[in-house]
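Please open the model in your viewer and keep the sequence panel at hand, since each stop below begins with a selection.

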Amino acid sequence: MSRFVISLLLISPLVLLTGCDIEEFGGINRQTEDFQRTLQMKPGGRLSVENFNGSIEIRGGEGDAVEISGVKQAPTRELLEAMKIDIVSGADYVRIRTVRPTERRGNLGARYVIRVPRRTELDRIETSNGSIRVETIEGSARLRTSNGSIRLDRLKGAVEAQTSNASIELLEPGGAAILRTSNGSIRADGVRGAFDATTSNSRIEARVVEPEAHKPIKLVTSNGSVNLTVDSLNDNEIRASTTNSSITLRLPPSLNAKVIARTSNGGIQSDYDFTVKGGQVSKHYLEGTLGSGGPLIDLTTSNGSVRLMKR
């Protein structure tokens, strides 16, 4: 095991910031210091980052190098020097932590750009007041921030992502997804596995390509629309709810399910022919069976329409 604490290691800003899409630190009198470290970790290892007040960007690549670079900032030189970047590593793990000074006056924090082997488990990636970006990783990920967006591109593993007051975007994923935010939109394109998304005061837009068998698909928001496309179903229950907005669900042309759709001050539209034996149909409520019946499709909104469409 190796341990490394960075305090005064300067590098060229051009090396650090090339290709970065991260926040700029504010304040004309802000003190900053760059840092850099390169370690070795075998593919399939675990990375964890514990940060505050700054963004984290992680990219997968070839080889077994872990390249860590970033900028720390503080209102005074004294606080800048007191804040440390603590790195602990072994053959199959790297743990990074931004250590706060005991006396922490003013706005201070750090931002990171990290390159890792493509096959890496993102065991615990946490920050605050900053975004998280992950690209081209083959492994599961647990991500958490606040007041910053989360964007994942080509993550081939299960993901748990949580933020607040910002959006979550998941592109070309390869595993199950549990996504949580508030006051921010959720967009997921190409989910393969279980899917569970929750936000508030914003929309959810998702396409599930291959849902995990027998696992429910859940989308919950308020004051925002829900737009869900499912390419195929494998005994999956679907639950979608919102308020003051619409729900649009696109499903395979032929399916077996029980459907309940509710709204107030909005209509219900469907491309499917229902069997309504023992069920109900009205302007604001529908309960019926598709095909031979099966898992429940439950769609609930208020002050918005419900549309059940064939793909």
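In this predicted model, begin by selecting strands β6 and β7, which form a hairpin with 2 residues between them. β6 covers residues 84-90, while β7 covers residues 93-99, and the two strands pair in the antiparallel sense over 7 bridges. To check the register by eye, pick Ile85 and look across to β7, where Thr98 stands opposite. Now show the surroundings of β6: 6 of its 7 residues are buried, so this strand is largely enclosed by the rest of the structure.

Next, select Ser48, which lies in strand β3, residues 45-50. Is Ser48 buried or exposed? Its relative accessible area is 12%, and because buried means under 20%, Ser48 counts as buried. If residues up to four places away in sequence are set aside, Ser48 touches Val94, Arg95 and Ile96, together with Arg124 and Ile125.

For the last stop, turn to the cavities, of which the structure holds 1 of 30 Å³ or more. The largest cavity has a volume of about 40 Å³. Which residues should be selected to display the lining of the largest cavity? They are Val259, Ala261, Ile268, Gln269, Ser270, Phe274, Leu286, Leu299, Val306 and Leu308. Colouring by strand shows that β23 (257-262), β24 (268-270) and β28 (306-310) each supply at least two residues of this lining, with the largest share, 3 residues, coming from β24. Colouring by residue class instead divides the lining into 8 nonpolar and 2 polar residues, with no charged ones.

Definitions and conventions
Residues numbered from 1 in each chain as written. Predicted model: local features only at pLDDT ≥ 70, side-chain atom pairs only at ≥ 80, totals over all residues. Heavy atoms only, no water. Buried < 20%, exposed > 50% of the residue type's maximum accessible area, 1.4 Å probe, protein only. Helix = DSSP H or I, 4+ residues; strand = E, 2+ residues; numbered from the N terminus. Pairing = 2+ DSSP bridges. Contact = heavy atoms within 4.5 Å. 1 Å grid on protein atoms, 1.4 Å probe; cavity = no way out; pocket = protein on both sides within 12 Å on 5 of 7 lines; lining within 4 Å. Points joined across faces, edges and corners; volume = space filled by probe spheres on them. Nonpolar A, V, L, I, M, F, W, Y, C, P; charged D, E, K, R; others polar.
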